[in-house]
Amino acid sequence: MAGKAADKGKYKNMTMSSKEYKAFAKSREPGRSVLKNCLRAFVVGGLICVIGQAIQNGYMAWLHLTSTQASGPTVATMIFISVVLTSLGVYDKMAQWAGAGTAVPVTGFANSMCSAALEHRSEGLVLGVGGNMFKLAGSVIVYGAVAAFFVGIAHIILGTGGQ
Amino acid sequence: MLRGKQTWWFDKRPVIIGSGAVVGPDEGEGPLAEDFDLIHPELDLQQKSWEKAERLLMEQAADIAVKQSSIEKHDLQFFIGGDLLNQIISNSFTARELGVPYLGVFGACSTSMESLALASMIVNSGGAQYVMAGTCSHNCTAEKQFRYPTEYGSQKPPTAQYTVTGAGAAVLAAEGDGPVVTCATIGKIVDLGIADPFNMGAAMAPAAVDTIQTHFNDTGRVPGDYDLIVTGDLARVGHQIAKDLLERNEVPMDDTVFNDCGLMIYDLEKQGVQAGGSGCGCSAVVTYGHLLKRIKNGELNRVLVVATGALMSPLSFQQKETIPCIAHAVAIEKGG
């Protein structure tokens, strides 16, 4: 089985630049189906919103609330469902399939906080849960506030919006 | 002892007299399940934290390895181990339980062969009679430290890998019955500019290729001298790249069987593990569970295990650093 002595000890070394290798590796990566991911995200994200709408309509019908009054309890209910699914270990599995569909709605935000709180419970309530709960959600809040600030400025300059 | 540039030749042929491979539920559902010594049905091992669970895996693998060796814990003269957690706590805490002199090492997922090579070196040079090498990883501790909270809903790309929950340990002795370690090639860092931690296979493949070629050049062996050459955890993407790079460099890998522990440990079609397995435990449990058994029962005569490691930290990739990678190769042969 062994090769001839003349063949031994002369395998040439890697002579590939970083740029060449990146292209070499990239061409061997499995493709990511953007269309399929978009479709799944659309369907699942839409479905979550439909559930939310149904809950809101339910509150309006049974508790005789206006749509503005019903929106608070609706969001709370959606967050509760998301937290339960996260705690049961289901939400992350749904997310692998649905992608942005489970990340974008308020349920995704609740999942990011709940999962971090669960994960860091072992480090205690203050430094663990308290200190890490906003690990992922924090940047959403920061950039949400920053974006709102600039949109507000734009409205003032353009004289649009606001009461 | 030193042969060529980077290879240690073990003329005393240290013997692996005992080994232990302990895994979690996903590995227990994989195709190699019956080769593992202990399979846990739950990820948490009924511990209070993921870190405690990982530590328990390591302690159990060490216990099984010692028991199989028919020696006592206090007969061990050194324990060499490492893992993926910050400050390699799983192994250091295991060493606390073992109470034997301890050398902590870190080579990310290459730790399995790094520790085995060092243990073989100590035994071969007469530095000890009995040395244990071990390593472990846990899916959830790795997710927690390197990625996101375990229950966080993020979609993983198809190049991502699934960290193996498992621990492997082996006891090396100057003499005894069992497979022998004949040589080891210590790798050097190779970094070809991949920075994506969700594509570690592609980052590590060149390191594996470099070590494999150096091993052949140093020892004068050729791929056909081995019944099986396995890389540690390149998984689907990285393994294909390594194959293609070796072909490009005209290394006749067709003369042997070339596989990857990250591909062997799971059923990629049925288990949702993206590109395949990774983690210190991946090459450790495949080697100490599956491969050693196949060497012992005569199915394999000579195997080269090339454990690959991505030496980045959660900090370094956030700072947009590329991933330095390494691979260490150890040749294990039928004893006697």
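Across all chains of this predicted model, the salt-bridge count comes to 15. A few of those charged pairs are worth a walk-through, and after them come the empty spaces and a greasy bit of surface. Speaking of space, the structure holds two cavities of 30 Å³ or more, and its largest pocket has a volume of about 610 Å³.

**Salt bridges**

- Let's start with a pair that crosses between chains: Arg248(B) forms a salt bridge with Glu20(A), and their closest N and O atoms are 3.9 Å apart. Arg248(B) sits in helix H7 (residues 235-248) of chain B and Glu20(A) in helix H1 (residues 18-26) of chain A, so this pair joins two chains.
- Are these two partners buried or partly exposed? Arg248(B) counts as partly exposed because its relative accessibility is 35%, and Glu20(A) counts as partly exposed too, at 41%.
- Next, Lys293(B) and Asp37(B) meet through their side chains in a salt bridge, with 3.7 Å from N to O. This pair links distant parts of the chain, 256 residues apart: Lys293(B) is in helix H9 of chain B, while Asp37(B) is in the loop between helix H1 (25-28) and strand S4 (38-39) of chain B.
- Lys293(B) is partly exposed at 31% relative accessibility, and Asp37(B) is partly exposed at 29%.
- Then there's Arg302(B) with Glu333(B), whose side chains meet in a salt bridge at 3.0 Å, N to O. Here the link runs from strand S14 (residues 302-310) to strand S15 (residues 325-333) of chain B, and the partners are 31 residues apart.
- Why does Glu333(B) count as buried? Its relative accessible area is 8%, and buried means under 20%. Its partner Arg302(B), at 22%, is partly exposed.
- Some salt bridges share partners, and in this way Glu123(A), Glu51(B) and Lys144(B) are joined into one network.

**The largest pocket**

- With a volume of about 610 Å³, the largest pocket is lined by 23 residues, and the closest to its centre are Asp92(A), Lys93(A), Asn139(B), Thr150(B) and Tyr162(B).
- Which elements give two or more residues to this lining? They are helix H4 (91-98) of chain A and helix H5 (139-146) of chain B.
- As for chemistry, the lining of the largest pocket is a mix: nine nonpolar, seven polar and seven charged residues.

**The two cavities**

- The largest cavity holds about 40 Å³ of space. Its lining is made of Arg147(B), Thr159(B), Ala160(B), Gln161(B), Pro197(B), Phe198(B), Asn199(B) and Met200(B), which divide into four nonpolar, three polar and one charged.
- The second largest cavity holds about 30 Å³. Lys293(B) and Asp37(B) turn up again here, in a lining that also includes Ser19(B), Gln68(B), Tyr288(B), Gly289(B), Leu292(B) and Lys296(B).
- Which helix gives the most to the lining of that second largest cavity? Helix H9 (residues 280-296) of chain B does, with five residues.
- Two nonpolar, three polar and three charged residues make up the lining of the second largest cavity.

**A nonpolar patch on chain A**

- On the surface, Val142(A), Tyr143(A), Val146(A), Phe149(A), Phe150(A), Ile153(A), Ile157(A) and Leu158(A) make a nonpolar patch of about 870 Å².
- Take Val146(A) as one of its members: this residue lies in helix H8 (residues 134-158) of chain A. With a relative accessible area of 36%, Val146(A) is partly exposed, and patches are made of residues over 30%.

Methods
Residues numbered from 1 in each chain as written. Chains lettered and ligands numbered in written order. Predicted model: local features only at pLDDT ≥ 70, side-chain atom pairs only at ≥ 80, totals over all residues. Heavy atoms only, no water. Patch = residues over 30% accessible without salt bridge, like charges linked within 9 Å, V, L, I, M, F, W, Y side chains within 5 Å. Areas by Shrake-Rupley, 256 points an atom, 1.4 Å probe, with all protein chains shown as cover. Salt bridge = Lys/Arg side-chain N within 4 Å of Asp/Glu carboxyl O. Helix = DSSP H or I, 4+ residues; strand = E, 2+ residues; numbered from the N terminus. Buried < 20%, exposed > 50% of the residue type's maximum accessible area, 1.4 Å probe, protein only. 1 Å grid on protein atoms, 1.4 Å probe; cavity = no way out; pocket = protein on both sides within 12 Å on 5 of 7 lines; lining within 4 Å. Points joined across faces, edges and corners; volume = space filled by probe spheres on them. Nonpolar A, V, L, I, M, F, W, Y, C, P; charged D, E, K, R; others polar.
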